[in-house]
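Open the structure in your viewer and keep a selection prompt at hand. The stops below can be followed in order.

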Amino acid sequence: MGADRRYAYGAAAGLLGDLLLGDPRRGHPVAVFGRAAGAVERVLWRDHRGWGALHALVCAGGAVALGSVASRAVRTSPAASVALTGAATWAVVGGTSLVREARGIGRALEAGDVEAARVRLPHLCGRDPQALDADGIARAVVESVAENTSDAVVGALVWGAVGGVPGLLGFRAVNTLDAMVGHRSPRYRRYGWASARLDDLAGWPGARLTAVLAALAGPDPRGAVGAWRADAAKHPSPNAGPVEASFAGALGVRLGGTLSYGGLVEQRPVLNTEGRDVTTRDVERAVRLSRRVSWLALGVTVAARLVATRLVAKGRTS
């Protein structure tokens with residue numbers, strides 16, 4: 001069994017495992033990595049970009065190295081290689097947790113329990129829930145579902161197809177570091193700069209693939225493409241912009257506008273200006289679109305790896 005087929009079987013098993021099992025309540029591998037990265041930070045932290053770059057190199061490089069060692073250890077056993085890829089895929093993707101949290105908030109909103117929705121919102125995103133009404137919470141959920149479809153699923157599958165288990169672990173490590181130190185607080189403005197820029201680079205291909213697949217899988221492909229082209233570049237994030245704009249156009253809603261983080265009000269550009277306001281029912285529509293995009297991403301990335309492997313093999317024999 002070739003490496004491409006081992007990856008295909010393992011990635012499919014891992015994504016199915018996430019669908020059926022979700023994330024473990026305790027001892028999640030990403031949480032273990034986060035604690036290790038926090039320990040490294042306590043040793044290395046200086047208010048300096050260079051020390052932050054070293055932190056990113058040690059943590060992300062360590063994850064890639066661990067994946068490489070594990071892959072080498074099982075390379076002679078197809079079954080073990082498939083199992084390792086499946087376990088790594090399950091560990092790094094977070095589609096089921098994303099869906100669970102989004103649907104939990106959506107059910108609270110549908111029941112008219114806005115306060116319960118406010119309590120659950122911080123599990124999904126960093127908005128100030130007390131500043132939001134029911135429709136504002138729904139808009140925050142749709143935006144988070146769109147962005148995290150790329151960050152928690154599609155981006156990992158892209159790098160898994162490129163680099164196997166080391167690619168899977170490396171992408172999740174970079175994404176986790178950005179969440180930990182990549183924000184522009186006084187402590188991390190310099191120290192987290194390298195992690196944030198590395199996350200922008202790692203997330204670039206997955207975000208574009210997510211936007212393309214949202215256009216293909218959504219109810220309004222033309223609207224998705226139009227919103228992407230017109231509004232994505234207005235977003236302050238080079239990767240969230242295409243994804244959120246494409247989701248907005250596909251669902252026919254407006255995203256962006258006034259946001260509140262940590263007591264600070266921020267005015268974001270409106271994405272898909274011709275769309276309607278987000279309502280509670282759009283939470284479930286966004287979740288279903290996210291699921292379709294995730295499974296399409298698996299098919300596309302696996303197919304791309306299979307084709308690339310065959311082209312390389314053909315080039316070597318010609």
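How many of the twelve residues of H10 are buried? The coordinates come from a predicted model. Select H10, residues 240–251: twelve of its twelve residues are buried, so the helix is mostly covered, given that buried means under 20% relative accessible area. The buried set includes polar and charged members of the helix, among them Glu-244 and Ser-246, as well as Val-243, Phe-247 and Leu-251. Put a distance between the first and last C-alpha of H10: the helix reaches 16 Å, close to the 16 Å expected at 1.5 Å a residue.

Step just past the end of H10 to Gly-252, which takes a positive phi of about 75°.

Next, select Arg-254 and Asp-277. Their side chains meet in a salt bridge, with N to O at 2.2 Å. Arg-254 sits in the loop between helix H10 and strand E1 (255–261), and Asp-277 in the loop between strand E2 (264–271) and helix H11 (281–317), so the pair ties together parts that are 23 residues apart in sequence. Arg-254 is partly exposed, at a relative accessible area of 27%.

Move on to H11 and pick Glu-284 and Arg-288. The two side chains form a salt bridge of 3.1 Å, N to O. Both residues belong to helix H11 and are four residues apart, about one turn of the helix. Glu-284 counts as partly exposed, at 24% relative accessibility. Add Arg-103 to the selection: Arg-103, Glu-284 and Arg-288 are linked in a network of salt bridges.

Now go to helix H7, residues 134–181, and show Arg-139 and Glu-143. Here the side chains meet in a salt bridge at 3.3 Å, N to O. The partners are four residues apart in the helix, about one turn. Arg-139 and Glu-143 are both buried. In total, the structure holds 14 salt bridges.

For the last stop, which residues have the most contacts inside the largest nonpolar core? Select Ile-105, Leu-121, Ile-137, Val-141 and Leu-289; the core itself has 71 residues. H7 gives the most to this core, with 20 residues. Center the view on Leu-121 and display its surroundings. Leaving aside residues up to four places away in sequence, Leu-121 touches Ile-105, Arg-127, Pro-129, Leu-132, Ile-137, Ala-140 and Val-141.

Methods. Residues numbered from 1 in each chain as written. Predicted model: local features only at pLDDT ≥ 70, side-chain atom pairs only at ≥ 80, totals over all residues. Heavy atoms only, no water. Salt bridge = Lys/Arg side-chain N within 4 Å of Asp/Glu carboxyl O. Helix = DSSP H or I, 4+ residues; strand = E, 2+ residues; numbered from the N terminus. Buried < 20%, exposed > 50% of the residue type's maximum accessible area, 1.4 Å probe, protein only. Core = buried A, V, L, I, M, F, W, Y, C linked by side-chain atoms within 4.5 Å. Contact = heavy atoms within 4.5 Å. Expected span 1.5 Å × (residues − 1).
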